[in-house]
Each structure stands twice: as structure tokens, then as C-alpha cells.
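Q: Could we work through this structure feature by feature, beginning with the cysteines? I should like the general idea before each case.

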Amino acid sequence: MEFPVVAPPAAQAGHDQPTRQRVARSILDHGPSTAAALAERLDLTPAAVRRHLDQLVEEGAVEAREPRSLAARGRGRPAKVFALTESGRDGFDQQYDDLAVQALRFLSETGGTAAVREFAVRRASFIAERFEHVRADQPGLTPAEVLARVLTDEGYAAAVRDLPVGEQLCQQHCPVSHVAHEFPQLCEAETEAIGKVLGRHVQRLATIAHGDGVCTTSIPDLPASVEKPMTTEKKEHVSR
């Protein structure tokens, strides 16, 4: 009589690893999520998702939180949401954080805060440089959607959410969050660059660098009486 071969615990853990990484990646891309939302998104059973979440929590990569929105509360106890911890984010494109922090500390000590500020502005210049290229390649996108695409291409996992008073830019990941925690000039320069390409005042509501689960930037609608900045095409037409 033949018995089925049962994989040892170590082998089973290795088999589970790709799925566990998918769970963590989904939280990274979509922000804090319930087990039910993850199961639907990844086409897994709720039991399987909970098993992977339990392991991620035990490893310190994920933490369970109470839902912030009252709208998420129905009858009974509200479902917890699971968010990546600082340790969990370490696995996504942040292996050079220590070196970057040391370099900026040296820059601050030798050149002062003005030098750090100049570096932050220069780093954020990719937003304006890439914005026009993406808008030309994909004219069907709104300016905020173009911006989200630019940031996503740089590792920010960005998306746009419509609000009654405008739009909200959500960045589920920040490749420089650990560095920006000590040097907020990086966040400030990015916010200024976002406002410039959109031609309006924007406001950062939350940042991963300060412990929030996602970076959010409010993009209010322009008043009807305010004319939006002319595009390059309009400027050429006027000059003729």
C-alpha cells in the first residue's frame, strides 16, 4: 500500500513563500486591506489568506489595525485591516537606505540644510521631466492620472481617487520613506513638484515616512473662475 508523500514543514514553507509574497505585494500596491479583500483580489480562499497573514504578522512584516473609516463598520465587530510594517517595506526596493541616510547626513554636516534642500529639489525634478513625456504618449489620461503613472514608474505604486471636491493622489509605496523620515525635505520637494506640474496648490495629508499606511495628497478642483495653465500647444497657437 502506497502512502502519499507529505512535504516536510520546511518544504511547505518554501512552497508557500511565492503566495505569501503576493499577499504582501497586494497590500503594498493597494494599501491596508482586509483578509476578505485580499482573498477576492488574489483569487484565494479566505482561510488561505488568513494563514499567510498570520505568518506575515508573526514575521513582523504585517500588522493588524482597526479600520479608520466609520463607513467600514457594519453590524458586529468590524474586520481588521492588515498593513505593511516598516520591516515589511524593507523587502521592497530599500536595500540602500542606510547608505543614502549616511550620504545625506554628510551633506547636511558639510553643506547645511540648504544643500539637503537643493538635493531634494533636484531629485524631485524627475516629476516634471517625465510628466510631459507621459502626457504626450497617453493623451487620454487626466493630469492627475499622468502624475500617478510617472510616480508608479518610479516605484511609488500611485493611483488617483475621485473626491467630491477634487482628487486624491494615493502612493501605496515610497522607495525613500526611511530616508525621508529623517530628511522631510524629500517629501516637501515632491509635494512642490506635484503642485507645479498640476498648476495648483496641493496638500499632503499623510506620508509613509511619518508612519501612515499610505502617502495621500489632496488635489482640489480649480474654481470655475480660474483659468487652467495653458498647454504647450495653446502657447504656440497664441504666439503665432
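**Reading the cysteines, the rings and the strands**

A: The structure, which is a predicted model, holds zero disulfides. As a general idea, a disulfide is a covalent bond between the sulfur atoms of two cysteines.

Q: Why does Cys170 not form a bond with the closest cysteine sulfur?

A: The reason is distance: the closest cysteine sulfur, in Cys215, lies 9.8 Å from that of Cys170, which is too far for a bond, since a disulfide requires the two sulfur atoms to be within 2.5 Å. Cys170 itself is buried, its relative accessible area being 4%.

Q: Which cysteine sulfur is closest to that of Cys187, and how far away is it?

A: It belongs to Cys174, at 6.0 Å, again too far for a bond. Cys187 is also buried, with a relative accessible area of 10%.

Q: How are aromatic pairs read, and how many are there here?

A: In general, a pair of aromatic rings is described by the distance of the centres and the angle of the planes. The count for this model comes to one aromatic pair. Its members are Phe126 and Tyr156, with ring centres 6.4 Å apart and planes at 20°, so the pair is stacked; the cut-off for stacking is an angle under 30 degrees.

Q: Which parts of the chain does the pair of Phe126 and Tyr156 tie together?

A: Phe126 lies in helix 5 (residues 97–137), whereas Tyr156 lies in the loop between helix 6 (143–153) and strand 3 (158–163), so the pair ties together parts that are 30 residues apart in sequence.

Q: Are Phe126 and Tyr156 buried or exposed?

A: Phe126 is buried at a relative accessible area of 12%, and Tyr156 is buried at 0%.

Q: How should helix 6 be read, and which of its residues are buried?

A: The general idea is that an α-helix has 3.6 residues a turn, so residues three or four places apart point the same way. In helix 6, the buried residues are Ala144, Val146, Leu147, Ala148, Val150 and Leu151. The cover over these buried residues includes helix 5, strand 3, strand 4, helix 8 and strand 6. After helix 6 comes Gly155, which has a positive phi near 95°.

Q: Helix 8 is part of that cover. Where is Thr191 placed, and what is it in contact with beyond its neighbours within four places in sequence?

A: Thr191 is in helix 8 (residues 185–198). With those neighbours left aside, Thr191 is in contact with Val202 and Arg204. Its relative accessibility is 15%, so Thr191 counts as buried.

Q: How does strand 6 pair with strand 4 and strand 5?

A: Strand 4 (residues 166–171) and strand 6 (residues 215–220) run antiparallel and are joined by six bridges. Gln171 has Cys215 as its bridge partner in strand 6. Strand 5 (residues 203–206) also runs antiparallel to strand 6, with three bridges between them; here Gln203 has Ser218 as its bridge partner.

Q: What can be said of the chain as a whole, in terms of its helices and strands, burial and contacts?

A: The protein chain has nine helices and six strands. Of its 240 residues, 38% count as buried. Among contacts with a separation of 6 or more, 51% are between residues 24 or more positions apart. The accessible surface comes to about 14,800 Å², and carbon and sulfur atoms account for 53% of that surface.

Notes: Residues numbered from 1 in each chain as written. Predicted model: local features only at pLDDT ≥ 70, side-chain atom pairs only at ≥ 80, totals over all residues. Heavy atoms only, no water. Helix = DSSP H or I, 4+ residues; strand = E, 2+ residues; numbered from the N terminus. Buried < 20%, exposed > 50% of the residue type's maximum accessible area, 1.4 Å probe, protein only. Contact = heavy atoms within 4.5 Å. Areas by Shrake-Rupley, 256 points an atom, 1.4 Å probe, with all protein chains shown as cover. Phe/Tyr/Trp six-rings, centres within 6.5 Å; stacked < 30°, edge-to-face > 60°. Pairing = 2+ DSSP bridges.
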